[in-house]
Amino acid sequence: MDPFEEESTPEVAPEPTPPKKRRKLTGTRKVTYAAVATAIGTLCSVIAVYLPIKVMPLVATAFCFFVIFDRCGAMFGFVTEAAVLLMTFFVGGVALSATFVILAVVFVPYAPLAWLLKKLTYAKWRQALLRGGAVAVFVNLAFLAVYYILQYVVLGGGLNLTALAETVGGYWVIALLLVPLSVSVDYLFTQVEKPVDKLLK
């Protein structure tokens with residue numbers, strides 16, 4: 001052993017930095033978040049009512065709902081959804097339009113579902129199967145409800161949706177096509193959620 005050799009100190013691995021905790025929102029801030037989400041959600045829904053573009057504005061509305069559920073809790077989330085539905089109903093001419101039905105039956109319940117499924121990520125295949133399966137089942141059930149509401153309530157039997165569905169191969173073809181479409185939209189939803197969540201911390 002060399003007496004002149006400097007004693008080496010073992011390298012210590014740096015302590016991992018703990019993830020930043022979310023700032024707890026006050027009641028006033030929750031009301032502000034809900035009000036902003038209501039305004040944006042109503043604007044997107046009205047765009048969907050009056051313009052031929054339907055899906056993406058309604059996805060944006062659902063995302064506003066999701067943010068409120070995630071940041072402010074279920075009570076503020078449901079109140080925000082109810083406010084957007086009421087405002088969309090009145091701005092849309094106090095009528096059950098097809099867009100309003102799709103918003104109410106598909107995108108309003110999708111937001112709390114996405115909130116409940118938040119811990120399931122598409123990065124892990126088992127979680128991806130669970131989340132994708134849940135979204136696919138929900139969307140097909142919601143589509144079935146929309147189908148019958150439009151056929152027998154909104155249109156009053158005046159338009160045969162079954163005959164229209166047969167032109168593209170029938171109801172089940174549409175249902176199968178909805179699976180990759182809905183899972184793709186849900187995947188996009190999770191990707192947008194991450195930067196927005198960081199921005200709001």
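**Helix 2 and the spaces around it**

A: In this predicted model, helix 2 gives the largest share of the lining of the largest cavity, five residues.

Q: How many cavities of 30 Å³ or more does the structure hold?

A: One. The largest cavity has a volume of about 40 Å³.

Q: Which residues line the largest cavity?

A: F63, F66, V67, D70, R71, E193, V196, D197 and L200. Helix 2 and helix 7 (171–200) are the elements giving two or more residues to that lining.

Q: And how does the lining of the largest cavity divide into nonpolar, polar and charged?

A: Five residues are nonpolar, four are charged and no residue is polar.

Q: Switching to the second largest pocket: what volume?

A: About 170 Å³. Helix 1 (27–50) and helix 2 (55–72) are the elements that give two or more residues to its lining.

Q: Which element has the largest share there?

A: Helix 1, with five residues. The full lining of the second largest pocket is T32, Y33, V36, A37, I40, F63, C64, V67, I68 and L200.

Q: What classes are in that pocket lining?

A: Nine nonpolar residues and one polar, with no charged residues.

Q: Back to helix 2. Mostly covered or not?

A: Mostly covered, with 15 of its 18 residues buried.

Q: What span should helix 2 have?

A: At 1.5 Å a residue, its 18 residues should span 26 Å, and the end C-alpha atoms are 25 Å apart, which agrees.

Q: What follows helix 2?

A: G73, with a positive phi near 105°.

Definitions and conventions:
Residues are numbered from 1 along each chain as its sequence is written. This is a predicted model: local features need pLDDT of at least 70, side-chain atom pairs count only at pLDDT 80 or more; totals for chains, interfaces and linings use all residues. Side-chain values use heavy atoms; hydrogens and water are left out. On a 1 Å grid over the protein atoms alone, a cavity is a set of points where a 1.4 Å probe fits but cannot get out, and a pocket is an open set with protein on both sides within 12 Å along at least five of seven lines; lining residues have an atom within 4 Å of a point. Grid points are joined across faces, edges and corners, and a volume is the space filled by probe spheres set on the points. Helices (H or I, at least four residues) and strands (E, at least two) are DSSP runs, numbered from the N terminus. Ala, Val, Leu, Ile, Met, Phe, Trp, Tyr, Cys and Pro count as nonpolar, Asp, Glu, Lys and Arg as charged, and the others, Gly among them, as polar. The expected span of a helix is 1.5 Å times one less than its number of residues. Buried means under 20% relative accessible area, exposed over 50%, partly exposed in between (1.4 Å probe, protein chains only).
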